[in-house]
Amino acid sequence: MQFHHHGYVSGDPRIQPAAGVGVDRPRELPDVVDVLIIGTGPAGMIAAAQLSQFPDITTRIVERRPGRLAIGQADGIQARSVETFQAFGFAQRIIDEAYRIVEMAFWKPDPDDPSRIIRTARPVDDPAGISEFPHLIVNQARVLDYFAEFMKNSPTRMEPDYGFEFSGLRVDDDAEYPVAVTLTATGGEHEGQQRVVRAKYVVGADGARSGVREAIGCTMKGDHANHAWGVMDVVAVTDFPDIRRKCAIQSGSGGSILLIPREGGHLFRMYVDLGETPPDDRGAVRSTTIDQIIAKANEILSPYTLDVRNVAWHSVYEVGHRLTDRFDDVRPEDAGTRTPRVFITGDACHTHSAKAGQGMNVSMQDGFNIGWKLGHVLEGRSPETLLATYSQERQVVAKNLIDFDKQWSTLMAKRPEEFEDPTELEDFYVRTAEFPAGFMTQYQRSMLVADDAHQGLAEGFPIGKRFKSAPVVRVCDGVPLHLGHHATADGRWRIYVFADEAEPGAASGVTDFAQWIGSAADSPLATTPENADRDAWFDVKVIYQQDHTAVDIARVPGEFKPAVGPFGLTNYELVYAADPASDIFDLRGIDRAGAVVVVRPDQYVAAVLPLRATAELGQFFAGILAPAPIRATAAR
């Protein structure tokens with residue numbers, strides 16, 4: 001974390017100075033905003049958190065509840081999400097309070113006595129080392145708390161506006177603020193009263209029963225598996241030996257349990273198989289009581305017993321998989337003729353079972369994706385055409401999730417005797433580990449993702465997939481660290497320059513690249529506003545192949561040591577060297593002739609290019625960057 005570049009900071013450095021719309025921010029919800037977000041679930045909150053980093057954009061997020069969420073239904077935090085939390089500055093804090101999954105136990109009927117269950121396998125959770133971050137369990141409410149803290153500490157001083165329910169919207173493309181949203185007060189002295197807020201863009205993060213989705217005419221399509229599960233968060237006394245380990249339990253009676261220990265050392269969640277429901281059930285299974293769920297759990301756990309002492313939350317749900325036909329308000333017949341103005345995220349556009357632990361995780365990537373894109377368009381960094389890529393990218397991801405979840409939930413519902421191979425369930429868990437961990441997303445070629453003509457220069461950074469961090473050593477102070485951990489959610493593009501084998505500072509492909517990016521008219525840095533720091537829109541880092549002691553930082557091109565802040569201080573922390581103990585060039589298959597890896601603000605690799613392909617890099621950004629920076633015009 002860098003601070004003091006605007007002068008001495010004596011307080012918490014995570015609290016950024018108020019700026020732009022954050023100065024004297026009105027407590028009351030204004031009548032006109034740039035972005036209005038409906039719903040404070042994970043997708044809405046991460047979108048708001050990302051937009052809170054754009055000081056000149058007025059973003060407000062409304063919620064029908066009177067205050068923060070006390071207990072959420074989601075709890076699984078995949079490693080990809082923890083990587084994302086690192087960008088928002090709270091990965092380590094949430095790791096410290098969460099339950100960490102390092103292995104999963106599989107229990108099945110004892111072949112000698114099918115009335116009893118026995119442990120049959122205990123594979124590690126991440127055998128391939130997919131990420132340096134762990135798989136966590138923590139209540140959704142705490143995730144939202146951390147995003148709320150980040151927002152409040154941002155330059156815009158953003159906070160949710162509680163007590164407003166979405167009631168409808170209309171779009172007038174010719175208006176300066178095209179979306180008129182009707183909100184109804186849900187409490188206080190104005191309860192029941194309606195008001196209209198006008199916005200340039202609206203993000204619907206209002207859940208599976210989304211009013212925003214309905215208002216823009218999106219259609220949810222899918223199916224139900226006619227299979228019910230009871231879910232409960234409880235504390236209990238039990239002799240089941242793996243009560244503090246994630247488990248898939250299949251009993252001789254045919255029932256199954258997915259057991260997930262929770263944070264705090266005592267609480268745990270159980271998804272208890274309630275069996276198939278008849279087609280004419282009409283939701284009757286949802287009246288299953290908590291006592292019936294506990295009794296079913298004891299039946300499945302035999303010969304072990306479960307004495308539930310306290311129930312924090314419980315519910316009954318039927319497995320369903322549904323996906324909207326689009327994620328914005330542009331109908332197929334209007335594609336290419338108008339700019340999307342309304343977007344939907346998370347459960348508003350995809351629903352599935354909870355057992356794959358993907359709902360909150362995929363929803364947050366929805367919000368991250370649309371958040372930075374709205375910021376760039378409103379701030380004038382990018383043309384409005386950028387916004388069409390949201391639906392194009394995220395709908396494919398949601399479809400893949402639903403296909404995976406159908407497989408996983410079907411396997412979890414099978415009776416033991418129905419498996420052709422007795423190890424099928426655990427084999428599927430290990431074989432597909434990269435998908436539920438959140439790392440199978442690969443965006444296809446578009447204005448934001450280049451072709452793979454030069455992929456061979458950096459095999460470990462697949463184009464379209466998330467940037468997989470690796471150890472490096474910072475040259476200025478010799479500190480070992482992870483390269484990707486210093487990519488914060490500040491809305492900037494990352495350009496990682498992996499040097500060739502030449503002596504650092506000598507004439508080479510790296511010095512030529514530095515001269516181009518610092519002074520050429522077609523360099524992306526040339527679009528940076530004159531009144532902003534040189535690195536305000538682009539974070540350019542160089543990584544040398546030599547040991548850090550062999551890199552003379554005085555000879556490193558100045559483009560990798562930009563002047564920052566009102567005092568023009570030199571930023572020395574953008575120059576790195578390979579870690580001899582874990583060489584990033586070897587780990588990520590980077591060509592020793594060097595390479596340039598371009599990474600989007602949401603941490604996905606956009607391009608891999610040779611050091612001398614500057615014209616190609618300039619052309620790539622030419623389609624993304626707006627020619628003349630403008631400013632958002634909404635009132636504070």
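What follows is a chat between a reader and the author about a predicted model of a protein.

Author: Some ground rules: this is a predicted model, where local features need pLDDT of at least 70, side-chain atom pairs count only at pLDDT 80 or more, and totals for chains, interfaces and linings use all residues. Residues are numbered from 1 along each chain as its sequence is written, and side-chain values use heavy atoms, with hydrogens and water left out.

Reader: How many helices and strands does the protein have?
Author: There are 12 helices and 27 strands. Helices (H or I, at least four residues) and strands (E, at least two) are DSSP runs, numbered from the N terminus.

Reader: What makes the radius of gyration agree with that of a compact globule?
Author: The rule for a globule is 2.2 Å times the number of residues to the power 0.38, and the radius is taken over C-alpha atoms. For 636 residues that puts a compact globule near 26 Å, and the protein has 26 Å, so the two agree. As for the box around the C-alpha atoms, think roughly 75 × 60 × 50 Å along the principal axes.

Reader: Why is Thr345 called buried or exposed?
Author: Buried means under 20% relative accessible area, exposed means over 50%, and partly exposed is in between (1.4 Å probe, protein chains only). Thr345 has 1% relative accessibility, so it counts as buried. Across the protein, 57% of the 636 residues get that buried label.

Reader: Where is Thr345, and which residues is it in contact with?
Author: Look in the loop between strand 17 (342-344) and strand 18 (350-351). Contact means heavy atoms within 4.5 Å. Leaving aside neighbours within four places in sequence, Thr345 is in contact with Ala43, Val203, Gly204, Ala205, Asp366, Ile370 and Tyr390.

Reader: Why is helix 1 called largely enclosed?
Author: Count its residues: 10 of the 10 in helix 1 (residues 42-51) are buried, so the rest of the structure largely encloses it. Among them are Pro42, Ala43, Met45 and Leu51. The cover includes strand 1 (32-38), strand 2 (59-63), helix 2 (79-87), helix 4 (140-152) and helix 7 (359-378).

Reader: How do you know how many disulfides there are?
Author: A disulfide is a pair of cysteine sulfur atoms within 2.5 Å. A search of the whole structure turns up 0 of them. As for individual cysteines, Cys247 has 0% relative accessibility, so it counts as buried, while Cys476, with a relative accessible area of 34%, is partly exposed.

Reader: What is unusual about Asp24 and Arg157?
Author: Most residues other than glycine have a negative phi, and most peptide bonds are trans. Asp24 has a positive phi of about 55° though it is not a glycine, and Arg157 also has a positive phi of about 55° without being a glycine. Asp24 sits in the segment before strand 1; its relative accessibility is 71%, so it counts as exposed. Arg157 is in the loop between helix 4 and strand 8 (161-162); at 23% it counts as partly exposed.

Reader: Which peptide bond is cis, and where is its proline?
Author: That's the bond from Ser302 to Pro303, with omega near 15°. Pro303 is in the loop between helix 6 (290-301) and strand 16 (306-324).
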